[in-house]
Structures are given as C-alpha cells and as structure tokens.
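This report is a short guide to one protein model. Please keep the sequence and the 3D view open while reading.

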Amino acid sequence: MTRDRPEPPLALVAELTHRCPLQCPYCANPVALARASSELDTESWLRVFDEAASLGVLHLHVSGGEPTVRGDLATLVRAAAALGMYSNLITSGVLLDAARLQALAEAGLDHVQLSLQDMEPGDADRIGGFAGGHAVKLAVARQVRAAGLALTLNFVVHRQNLERLPAMIALGETLGAGRIEIAHVQYYGWGLLNRDALLPTRAQLDAATTAVEAARMRLRGQVVIDYVVPDYYAARPKACMGGWGRRIMTVTPAGRALPCHAAEGLPGLVFPSVREMPLAAIWQDAPAFARFRGTDWMAEPCRSCDQREIDWGGCRCQAFLLTGDAARTDPACAKAPDHAMVLAATAASAAAPPSYVYRGDRRTRENVR
Ligand code: SF4
Ligand code: FES
C-alpha cells in the first residue's frame, strides 16, 4: 500500500449535533459533548454536503446525537438529494411523527435506521433513560414504512438484553424492517465507562449467535440480518471504518473532520475544521488522515501479517483507549501483544454487572464542555 492520492470516501457521516433526549449508557460519543452553540449552522452544512458530493461521496449518514433535534433537517436532506447522495437518517426516533417523516420523505430521504434499546418497554426505557420512548419508536417504525421509506431496525445488544434477542428479531419482522442490525455494543466514549455493565459472557454470545443463525435461515429472502461478533470475543479485529481514511469521513457537530467518530480523542493528531479547509483538501492532504492510512505505519505483528490489508490493523481508537498508544495493534486481535487486556475484560464478565453510569449524573454534567 502506498501513500498515493487516496480514493475518495464512499460515505460522509454528518454528526449534526451531540444533543440527544436519550442517555444510553453505551453511547459511543465522547464523554465531553459539543454544546449546541458550537454546532455548524445550516449554510455550513450545505457547503460541506456540496464539497462532499464534488469529492465523490455517494452515501450521506445523518447522525448525532439525535439529528432530529435540528430544525433544518429537511433542508439538509433536500440538499443531499439534489446532489445525488443516498441519505440515511440514523435516529432514536423519539422526536419523530408521521407528519415529519412525510416531510423528510418528500425532501428526498431514502432510508431510516431506527435504534431500539430492547423489546420490553420497561427495559428499553430504562436503558435509554427516556420514559415512554419505546412506544414512540414502535409507532415511528410503522410511520417510516407508511411514508415509503426503507427501514433498518438497529437493536443494540449487551449482557442485559441478549436473552431477548429472538424476540427482538420477531419484533423487527412484525414492524416490516427490510434489514435488522444486531449491533453488539462497542466500547468507545461514554460506553467504555459502562463496559463491565454491558459486556456479555461467552455463553450469552454463543446463544445469541445461534439465535441469529436460526433467524437468518427462517427469514432468508425476506429480511437481511446484519450481525457482527463483538470485538472483545473475535479472534481478529474489525476493519474499523473500512480502514483509516479509506472509505468514510466524519464531520463532528462543531465541524471537525475525522476518519472515524472517536478519533478526536487521539493525542498528537490535528484534525482540520471544515470551517477552515475544503473537504477534499482535508481528505487528500491532512497529515492526520494520512497517519494510519494503508499499512506503512504498522509495526509487528501487523507489518508481516497476511490480514493487514483485510482488517487494516483493527481500530486505532480502541488501541489508544486500551493501551494509550494509537499505533499499537488493536488489542482485540489474538496476535496483539496487549490481547491479555481484552481477555481480562471478558473474564470479568462472569461477575455480577455494576449499575449503569448515565450522562445525567451531576458529576458528568459538569464535564460537558
Ligand atoms: Fe490484523 Fe494486525 Fe492482528 Fe494481523 S496482527 S490480524 S493485521 S490486527
Ligand atoms: Fe476510530 Fe476505530 S473508532 S479507528
């Protein structure tokens, strides 16, 4: 792999805001969230979308926080559609209703990815920290279909809801989802603080994998089920974001351009702002995007590993969060010198889980910048 001019990104993740009415303990956003006053305004996002389309971006993922807190969402979606980008709204759904979904469909929205915390209302609302949220989500799922939009239901699974996985899949079927994503929690940002409360046991994971395989057989040709084994139990790490600076570009609410949602926390890297630099220049020339692109940066065991252009050495942010050094092999890899850290965490999952730590705790509110 060389340092030639990179291929353009396929997708832009536009994090419109960090504001969110939910308080999921597994939130992958940073511990310190961006304030509303620091968010890019409508004009800036429109310029960013224009630059993204010119760069070659085909898919726009509108994300957050909760992107529907933005009053300009339909304007932004309309602009993306006019630029020919396929738009996906990643949402908790609790602020949506039939009229707003219809307006978004008319603006050109293509797809909604709706997250569900569980299939039992009480547990779902407890995990999301939002009373009544689950009932709204069920209504919104039906409204998405009624508006003619493609629907993916995203179930976030962990040790405190995995036993209900077959019922979650059945619920997704009932709601008319074309795709069901079973997403094991990834431990970034706030979610890492709650790892011991969320990491499943090996027995739970094996039962879940069996349930997914059975559902895939049963629903073949009707519903696609995406399922990724959680990092901590995989022998090899995921190709995070399809490789650093290879497929996906993220823009934070305040306008910082990143190769992934968690990169802003990596020390020693300067991520340019879209307020100051065009997207194409950032993608092609910013040293922070080149830092872990390809394989030149790798040390052993990745450097000589036959998987290096498959998983691209795993996740730089996970390497940093667990070892303090983003250039080390992702400890999720069984070949990594630091793999014992991951094994210790999975061994600890046999103990009773501690309580969740919510963002609403006063201590953490004081940390919000
Ligand atoms: Fe991937 Fe590196 Fe592990 Fe090889 S050693 S499988 S390249 S993380
Ligand atoms: Fe940043 Fe994986 S989340 S590289």
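The text below goes through the sheet, one of its strands, a residue in a helix, and the surroundings of a ligand.

**The sheet**

The model is predicted. It contains an open sheet of nine strands, and the pairing in this sheet is mixed. Read across the sheet, the strands come in the order 7-6-5-4-3-2-1-8-9. Strand 7 (224-228) and strand 9 (257-258) are the edge strands, and each of them pairs on one side only.

**Strand 4 and its partners**

In the order of the sheet, strand 4 stands between strand 5 and strand 3. Strand 4 covers residues 111-116, and five of its six residues are buried, so that the strand is mostly covered. Strand 3 (residues 86-91) is joined to strand 4 in the parallel sense by four bridges. To get from strand 3 to strand 4, the chain passes through helix 3 (residues 98-107), and this β-α-β crossover is right-handed. On the side of strand 5 (residues 150-157), the pairing with strand 4 is also parallel, and six bridges form it.

The table lists residue pairs that face each other across these strands.

| Residue in strand 4 | Opposite residue | Strand of the opposite residue |
|---|---|---|
| V112 | L89 | strand 3 (residues 86-91) |
| V112 | L151 | strand 5 (residues 150-157) |
| Q113 | T152 | strand 5 (residues 150-157) |

V112 appears twice in the table: its partners are L89 and L151.

**V48 in helix 1**

Helix 1 spans residues 42-55 and includes V48. Is V48 buried or exposed? V48 counts as buried because 23 C-beta neighbours lie inside 10 Å, and a residue needs 20 or more to be called buried. Leaving aside residues up to four places away in sequence, V48 touches V251, V274 and L279. L269 is 221 residues from V48 in sequence, and the C-alpha atoms of these two residues are 22 Å apart in space.

**Around ligand 1**

How many residues surround ligand 1? There are 14, and the closest are C302, C305, Q307, R308 and C333. By type, the shell around ligand 1 divides into five nonpolar, four polar and five charged residues.

Note on methods: Residues numbered from 1 in each chain as written. Chains lettered and ligands numbered in written order. Predicted model: local features only at pLDDT ≥ 70, side-chain atom pairs only at ≥ 80, totals over all residues. Near = placed C-beta within 6 Å. Nonpolar A, V, L, I, M, F, W, Y, C, P; charged D, E, K, R; others polar. Pairing = 2+ DSSP bridges. Helix = DSSP H or I, 4+ residues; strand = E, 2+ residues; numbered from the N terminus. Buried ≥ 20, exposed ≤ 12 C-beta atoms within 10 Å, placed from the backbone. Contact = placed C-beta atoms within 7 Å. Right-handed = clockwise from strand over helix to strand, strands pointing away.
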